[in-house]
Amino acid sequence: MKEINEILLRRKSMVLLETNPDRNAKDITNTEKALVFSAIKNFEALGFTVSKELLDVMLSYERKEFESLYKDLMPKLKALVGADVVYNPMYPNFPEQVMEASDAELFFNAIIHYFTFGQWMPEYEKEERLPLFDVNKMTVLTVGTKDDLMAVFSNLVASKTSLSAQDKEDVTKVIKTIPDYMNYMPDEIPLKENAALIGKLVIEESPIKTASIISDYFKTATDVLRLITALSDGDISLATNTKYRKLKRPERRMIMDLLAGCGNIVEDLFRYQYEWIRVGEIVHPGEYKESKYDSVNSAFKLLRADDKPLMFGGKVHAAITSGKMKEAATLLKDRPGEFARQLDKVLRDATDKNYVVNCFKAVANDVSTTVLLQVRQHFITRNNGDKLRIFFPKGNVARAIIAENNLPVIDDKYCKSVVKICENALAENYKSKDFLGNVFVDEELKNYIVPFSQRSANSAVKTVVRGSKLPIKEDATAVRGFIWWTNIPGNEWDSRVDIDLSAAFFDDNWNYVDHVSYTNLRSKGMQAYHSGDITNGGSPTGNGVAEFLDINIEAAANKARYVVYQIYSYTGQSFANMPNCRFGFMEREDVDSGEIFEPTTVSMKMDVTSPSKVSVPVIFDCKERKMIWCDMNIGINEMCRNYGGINLESNLGGVKDVCKAIVNMNKPNVYDLALLNAQERGILVNDRNQADIIFSNDSTVPIEVVEIEDEVTKEKKQVQREKTEVPIITAFDTDYFMGQLL
């Protein structure tokens with residue numbers, strides 16, 4: 001289980017272990033106890049501690065068994081908080097050293113460093129630092145089982161939303177490692193992208209001669225096209241072109257069998273006509289003469305015909321463009337999901353709005369819950385007067401399209417009716433799911449966005465959805481952002497990588513106030529300081545280099561509202577092509593105590609792997625003391641207007657618009673999702689100690705009062721007992737929301 005231990009460790013803070021039931025506690029030596037407790041001290045230095053159950057298991061191990069566990073676990077814990085590498089900033093006594101340095105000293109060091117292409121670094125003796133004063137809450141490691149792991153797997157496979165690269169990697173690792181994974185497969189894979197991924201893995205990992213094993217997951221020709229795309233390592237969202245590989249003969253017959261089971265495929269083939277023409281050249285459907293393939297062969301022949309038949313989408317488009325909204329609504333009843341997506345357009349332009357609403361009401365129960373939730377949220381705030389709208393292009397939601405909101409107002413009575421229709425349809429859907437019992441839902445979950453699309457999310461120590469707001473701890477006086485990177489493989493001139501960490505300050509109305517970057521290492525007004533601009537990441541297999549950026553929360557809040565952390569690839573390489581690049585932030589009580597990088601203070605660490613040159617990982621709302629998760633790529637088309645180069649100064653306009661839209665993004669939150677489920681599937685309670693399931697980021701185990709008999713006096717007495725069997729679902733357990741609640 002060692003190779004997949006990291007999945008549960010990262011997602012659930014669980015350790016997969018096998019106990020030693022034959023070992024008596026009396027057999028444990030003091031030396032072995034000391035070894036275990038020394039290991040726990042090392043865990044605590046990284047911000048982790050262990051539960052009593054895990055401690056008991058660790059104490060049951062023979063010395064060699066425990067050493068094996070420790071050697072496996074410690075590197076994984078270090079990687080989770082970013083302590084697996086060395087952080088070498090330009091100024092080793094940061095931040096005080098940067099605060100006190102003269103402008104001349106900072107300028108001289110920078111110029112010499114730049115002239116030598118990052119080869120020269122100023123030499124300073126690292127001063128002794130005070131011990132860390134910060135008091136940080138430890139993450140409790142508990143014992144995990146195979147069932148816990150497979151529950152995550154099942155939730156991801158059954159997800160109704162797209163998976164992140166990390167999700168896909170976890171699913172792949174389970175399929176490659178767990179021989180009986182098929183026993184944990186759901187009856188249905190709702191999201192067709194996930195079906196394509198699973199189909200590819202099944203075909204590659206356990207070669208099959210027929211399509212029967214996976215046929216239930218492929219209902220349309222477009223589903224099959226996604227599978228072919230997955231087999232060619234292409235974009236299974238079908239948003240970008242794929243170079244299709246040649247298929248083996250068994251694979252070609254499998255594709256034909258899947259298509260033959262999809263019924264009438266003509267319309268689906270024309271929807272992706274170019275792609276299917278290419279696939280036809282690879283599959284050679286004409287070679288398959290059996291009668292069961294007749295409809296497939298006929299569809300491929302039509303694909304190359306001169307006249308393209310008028311399909312459903314064309315009929316709807318024609319009705320809408322000609323202003324025949326009643327006709328459009330009537331047509332869309334046959335495609336409820338498409339109706340939901342076009343509802344705003346049809347409703348606002350219709351003269352008979354009651355007819356449109358009634359048409360939607362008639363088919364709302366057939367719309368997926370993910371779409372219903374988004375339509376509900378859209379119409380709740382439909383007329384709020386937001387000036388900007390944000391769109392995420394399919395296949396690359398890490399990029400945003402910002403547009404002015406010039407939609408005409410729709411009468412509130414119609415908006416409210418649509419909201420009610422969505423809620424009734426959701427209620428009907430949730431009633432069919434398993435009963436949850438007593439449910440406690442923490443209002444703090446209103447800060448977290450429902451995971452609708454994680455397709456382009458970077459891998460992070462916690463899974464967070466764009467637009468979510470993470471409160472920072474009350475005792476924190478400063479936020480310290482950091483980046484770490486190395487060069488890429490290649491010759492000396494082509495391999496050099498210069499990454500820049502920057503921060504821009506904006507007021508409540510998103511007016512620029514100040515910034516800190518390589519051109520301005522300190523802002524005394526904001527009490528914000530940069531650890532020095534390093535322009536050479538060093539060997540790809542070396543220690544790498546780091547930059548830090550401190551922000552005093554109180555000082556920043558006095559003059560600004562939002563602090564936008566930004567990462568720039570100054571040398572122009574895409575982050576996706578870099579072997580090493582990461583960002584994170586710490587919450588610090590005393591910036592001069594402890595080391596510059598302190599693992600126990602790391603709140604978040606993410607690997608920056610997006611196919612871009614500019615990334616905005618987080619926005620800090622210094623007045624509300626919340627870190628807004630952004631994880632967005634910014635295009636560089638608006639750069640070079642004033643300064644030139646890939647840097648903050650050239651990109652303030654594009655950054656501001658995207659961040660403003662993210663902060664005001666109108667998306668359903670996790671609290672509402674949990675509440676809607678609880679109302680239909682359980683009984684809401686206000687006391688978490690009475691709950692059978694808890695939705696909260698507070699991991700405090702609920703307690704109950706039980707009556708026991710004293711062994712000596714035989715008298716009855718009441719004692720408190722921890723209810724460890726009660727599941728606590730946090731906002732970061734996205735697999736649960738994706739697989740169980742949506």
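This text walks through a predicted model of a protein chain, from its confidence scores to a helix, its cavities and two loop residues.

The average pLDDT of the chain is 89, and 94% of the residues score at least 70. One stretch falls well outside that range: residues 638-642 have a pLDDT below 50. Beyond near neighbours in sequence, this stretch still has eleven contacts in the model.

Consider next helix α3, which spans residues 52-60. Its buried residues are Leu 54, Leu 55, Val 57, Met 58, Leu 59 and Ser 60. What covers them? The cover includes two helices, α2 (30-44) and α4 (63-81), together with the strands β1 (14-16), β2 (48-50) and β3 (139-144).

Two of these buried residues, Met 58 and Leu 59, also help to line the second largest cavity. This cavity has a volume of about 40 Å³. Among the other residues in its lining are Ile 28, Glu 32, Leu 35, Val 36, Arg 63 and Phe 66. Helices α2, α3 and α4 each give two or more residues to the lining, and α2 gives the most, with four. By type, the lining has seven nonpolar residues, three charged ones and no polar ones.

How many cavities of 30 Å³ or more does a search of the whole structure find? There are three. The largest has a volume of about 100 Å³. It is lined by 15 residues, and those closest to its centre are Asn 458, Ser 459, Ala 460, Lys 462 and Thr 463. The elements that give two or more residues to this lining are α1 (5-12), α8 (165-177) and β18 (626-633). Here the lining divides into four nonpolar, six polar and five charged residues.

The last stop is a pair of residues in loops. Gln 573 sits in the loop between β14 (562-569) and β15 (581-588). Is Gln 573 buried or exposed? Its relative accessible area is 13%, so Gln 573 is buried, the cut-off being under 20%. A polar atom of the Gln 573 side chain lies 2.8 Å from the backbone oxygen of Arg 496. Gln 573 also touches, among others, Ile 488, Asp 494, Val 497 and Ser 612.

Thr 535 lies in another loop, between β12 (528-530) and β13 (545-552). Thr 535 counts as buried because its relative accessibility is 5%. Its contacts include His 113, Tyr 114 and Phe 117, as well as Arg 496 and Val 497. Arg 496 and Val 497 are thus touched by both loop residues, Thr 535 and Gln 573.

Key. Residues numbered from 1 in each chain as written. Predicted model: local features only at pLDDT ≥ 70, side-chain atom pairs only at ≥ 80, totals over all residues. Heavy atoms only, no water. Buried < 20%, exposed > 50% of the residue type's maximum accessible area, 1.4 Å probe, protein only. Contact = heavy atoms within 4.5 Å. Polar contact = N/O pair within 3.5 Å; in protein donor to acceptor, adjacent residues only side chain to side chain. pLDDT = per-residue confidence, 0-100. 1 Å grid on protein atoms, 1.4 Å probe; cavity = no way out; pocket = protein on both sides within 12 Å on 5 of 7 lines; lining within 4 Å. Points joined across faces, edges and corners; volume = space filled by probe spheres on them. Nonpolar A, V, L, I, M, F, W, Y, C, P; charged D, E, K, R; others polar. Lists of a residue's contacts leave out its neighbours within four places in sequence.
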